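Here are some short exercises on strands and helices, each with a worked solution. Have your viewer ready and try each task before reading on.

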Amino acid sequence: MKFMPNRLLIRLTLLGSIGALISIFALGSYIAYVQREQALNEILLEANMLATGLANAIAPILVVRDYGNVDLTAMQYTAHPKLTGLSITNANGQIIYQTKLDPYSKQFNIMHSGMLTLPTKQSVQAEIVDALIISWQPINAGKNIGWVQVELSLAQINARQAQIIMTSIVVAICAALFSCLVLALALKKTIKELRAAAKFASSLPEKQGRTLQNSLSSLEIEMLVSALNRASKELYVQDENIKLAAMVYQASSEAMLVTDAHNHIIDINPAFTQMTGYSLAEIVGTDSQFLSSGLQDTHFYNDMWEKLNEKGVWQGEVWSRRKNGEIFAESLTINTIYHEDGTVHRRVALFSDISEKKKTDEIIWEQANFDHLTQLPNRSMVYNRLDQEIKKSHRTGLPLAIMFVDLDRFKEVNDSLGHEAGDSLLKEASKRMLGCVRESDTVGRLGGDEFTVFLSELEDIDSVGRVAANILNALSIPYQLGDQLTYTSASIGITIYPDDATDISTLLKNADQAMYAAKHRGRNCYNYFTLAMQEAANARMDVLNGLHDALLKNHFKMYYQPIVNLATNNIEKAEALIRWHHPGKGIISPHDFISVAEETGLIGEIGAWVFNEVAVQSKHWQTIYHPQFQISINQSPLEFKDYPHKLDKWFVFMDKLGLSGQNIVIEITEGILMEASDEICNTFLALRDKGIQVALDDFGTGYSAMAYLKKFDIDYIKIDQSFVRNLAPQSDDHALCEAMIVMAHKLGIKVIAEGVETVQQLQLLKDINCDYGQGYLWSPPVTSKVFESLLVNRQ
């Protein structure tokens, strides 16, 4: 048997090259398969989200059969880069809208007729058909009213897979050639030794030579095994480089990063540099965490490393920072390579820039969860938000209010002015409702002209009614729709969690029922679901409705209470007090209706009526009783802030009557002084210029800030009746009253004591030099006719 070392060398080299070729090609094919599966999962999810978003957007439009808006809404979705077809059908499969991408012109062709074969299930996930992803989703509005079919192209994924496989073939061939060279060099020394052994055997004597030749096959095997063992050791380092070359995958378009066991960067590929802007020389040896954007906290990275150390692999989305400071989103996969003893040898990171995909996903998410017209949460998001708010309410123990808001006679606007005007009204109504609630509350559009409002974490349950009233007032303001001025109102239904119900379905049903009850009551009102709150709301609404009638039918009457000069015992002033003579309930105190008037804005109209009545009465008593007789008028803080718009009307009316400003006193509370805005200061100056005096009512119960008495030109302070009621010698109230009187006199301010009911109180007030008294000791509030008799009797 003749030993041929050259043939052995060739065989071993070819065997190693073929092994390298097969291994790297298999690795490339595997990567292509993994990436294709990942991309397929993403586009499947994308197709489902796109179909679901369109179905939610179309549902309210199909309910009202507004097919023109179907086209407009569907066309917004054709901007999706992978979309090749979109169909909308009714429940029977008849096509309402269909568009297909022409592969030649790259334009969408629209059709409105034909039939589609519907899926058998009510909710169908996306599936792969030929080179397309097709997703069916039902359009539901209490029941199935149609279907949406979305087709997305797989062309990009297929092209990407082909590119990776071709790259794998190129790299595999290069690696095979490289393996040939390395094996030839590594085995050269071993083959040389084998040649020497063969030559030695040939030089032996014929007998010995035959013996050696006969045993040469055994010697060959032994020497070959020994040589291969030595070659294996010599090839170890070279084999590491081959593995590294395969992992780095220099020809890959995906960014790749290789680190050691301590997370220090060893190598990167060109795609990494292209994506981040960093070259290998700049970052080699550094910790890979330098790419962190700071948007994800320490807990995120601790969790990532915990899973990576446990399983050796981690996959997810990370926000990183490029060299130029730009933050981008990446899809990151980290794999770990171990030593034979199980310790970490290398970590390989493969990532791609998904910033554009994130933007596309965000658009799809917004289309699926927000109304495209008003940008408010749609029905799907409303249900999600309500679920979250219920959990939060359960956790905090604070109630949650759910409102259904329905615009009254909105269909008439659509029919008379057109859908474009109707859309403008809906957008404006949305803005107005948002302006009536807190940032933490939710305003959503359920569809058509129906909205919902969630008021969360309510510490004051009475605030629900105030918010509802504010929404009604805001929505009743006229709408300028092009050249048309349009009026509308709303009906609101209110339910409370957990008082009325604890589940979403029942709460929404309650609110809906309450809303229809509001419509049945005449529209432009709100209605509570619970009986107790409903009774209170009914009473409040009765007050509001009655106030309108009281102004129109003159049900308000002015009463007057005398203010007596304690030194002369003469009636020199009077306080005007409004009373409501309700035709069914009798006399109603201001305490029961002024707050409603303030909240609804009627206080301005009532205040104007009061001023005119008092001015006429003051002129009359000035003529028959005394030229300097004064009547004081209580002013709401809301009225006082609005004075710049009404003072001119007052002054004109006074001039028309020939009434001096000295005959009118304006009573305000201390809270007005605390604001001290320019408008407030200007109002004080205007009143002073006209000669109208100012009294500070309920003094001692509020802020009682002395600095404001000095800053503003106050003529009178009225000591609150709570100090006078328990007035007794040596009492704390006696000391307080005396201190207030002394302080006021030092500032040139007169003092009026309210609530004087006994002779003892009168005497104590005289002893501490109080100027005026007011109370039941002299008279309760009486009509002008009775008051006039008091004046005559005093004379």
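**Exercise 1.** Find in which sense strand E17 and strand E18 pair, and over how many bridges.

*Solution.* Please keep in mind that this is a predicted model. Start with E18, residues 525-528: E17 pairs with E18 in the parallel sense, over 4 bridges. To fix the register, take Ser-491, which stands opposite Cys-525 in E18. Next, turn to strand E12, residues 400-407, which pairs with E17 over 8 bridges in the antiparallel sense. Here Asp-406 is the residue that stands opposite Ser-491 in E17.

**Exercise 2.** Decide whether the two faces of E17 are covered or open.

*Solution.* Sort the side chains by face. On one side are Ala-490, Ile-492, Ile-494 and Ile-496, and on the other Ser-491, Gly-493, Thr-495 and Tyr-497. The cut-off needed is that buried means under 20% relative accessible area. By that test the residues on both sides are all buried, and both faces are covered. Since 8 of the 8 residues of E17 (490-497) are buried, the strand is largely enclosed by the rest of the structure.

**Exercise 3.** Sort the side chains of strand E9 (residues 313-321) into buried and not buried, then describe its hairpin partner.

*Solution.* A general point helps first: side chains of a regular strand alternate between the two faces of the sheet. In E9, Trp-314, Gly-316, Val-318 and Ser-320 point to one face and are buried. Val-313, Gln-315, Glu-317, Trp-319 and Arg-321 point to the other face and are not buried. Now for the partner: E9 is joined by 9 bridges to strand E10 (residues 327-338), and the two run antiparallel. Trp-319 stands opposite Ala-329 in E10. E9 and E10 form a hairpin with 5 residues between them, and Gly-325 in the turn has a positive phi of about 90°.

**Exercise 4.** Work out the strand order of the open sheet with 6 strands, and name its edges.

*Solution.* Reading across the sheet gives E3-E2-E1-E6-E5-E4, with antiparallel pairing. The edge strands are E3 (108-111) and E4 (127-129), as each pairs on one side only. Neighbouring strands of this sheet are turned by 20° against each other on average, with direction ignored. For one pair in detail, look at E1 (residues 83-90) and E6 (residues 144-153), which run antiparallel and are joined by 7 bridges. In this pair, Ser-87 stands opposite Gln-149 in E6.

**Exercise 5.** Describe how helix H17 packs against H19 and against H26.

*Solution.* Two packed helices are described by the angle and the distance between their axes. H17 (residues 603-624) packs on H26 (residues 784-794) at about 20°, with the axes 12 Å apart. That angle makes H17 roughly parallel to H26. The crossing is right-handed. Gln-617, His-620, Trp-621 and Ile-624 of H17 meet Ser-784, Phe-787, Glu-788 and Leu-791 of H26. These contact residues divide into 4 nonpolar, 3 polar and 1 charged.

For H19 (residues 647-657), the angle with H17 is about 25° and the axes are 10 Å apart. H17 and H19 are therefore roughly parallel to each other. Their crossing is right-handed. H17 contributes Phe-611, Asn-612, Ala-615, Val-616 and Lys-619 to the contact, and H19 contributes Trp-650, Phe-653, Met-654 and Leu-657. The contact of H17 with H19 divides into 7 nonpolar residues, 1 polar and 1 charged.

Definitions and conventions:
Residues are numbered from 1 along each chain as its sequence is written. This is a predicted model: local features need pLDDT of at least 70, side-chain atom pairs count only at pLDDT 80 or more; totals for chains, interfaces and linings use all residues. Side-chain values use heavy atoms; hydrogens and water are left out. Axes are lines fitted to C-alpha atoms, for helices over the stretch in contact, and angles run from 0 to 180 degrees between N-to-C directions. Angles under 35 degrees count as roughly parallel, over 145 as roughly antiparallel, 65 to 115 as roughly perpendicular and the rest as oblique. A crossing is left-handed if the near helix is turned anticlockwise from the far one by less than a right angle, and right-handed if clockwise. Contact means heavy atoms within 4.5 Å. Ala, Val, Leu, Ile, Met, Phe, Trp, Tyr, Cys and Pro count as nonpolar, Asp, Glu, Lys and Arg as charged, and the others, Gly among them, as polar. Buried means under 20% relative accessible area, exposed over 50%, partly exposed in between (1.4 Å probe, protein chains only). Two strands pair if DSSP finds at least two bridges between them.
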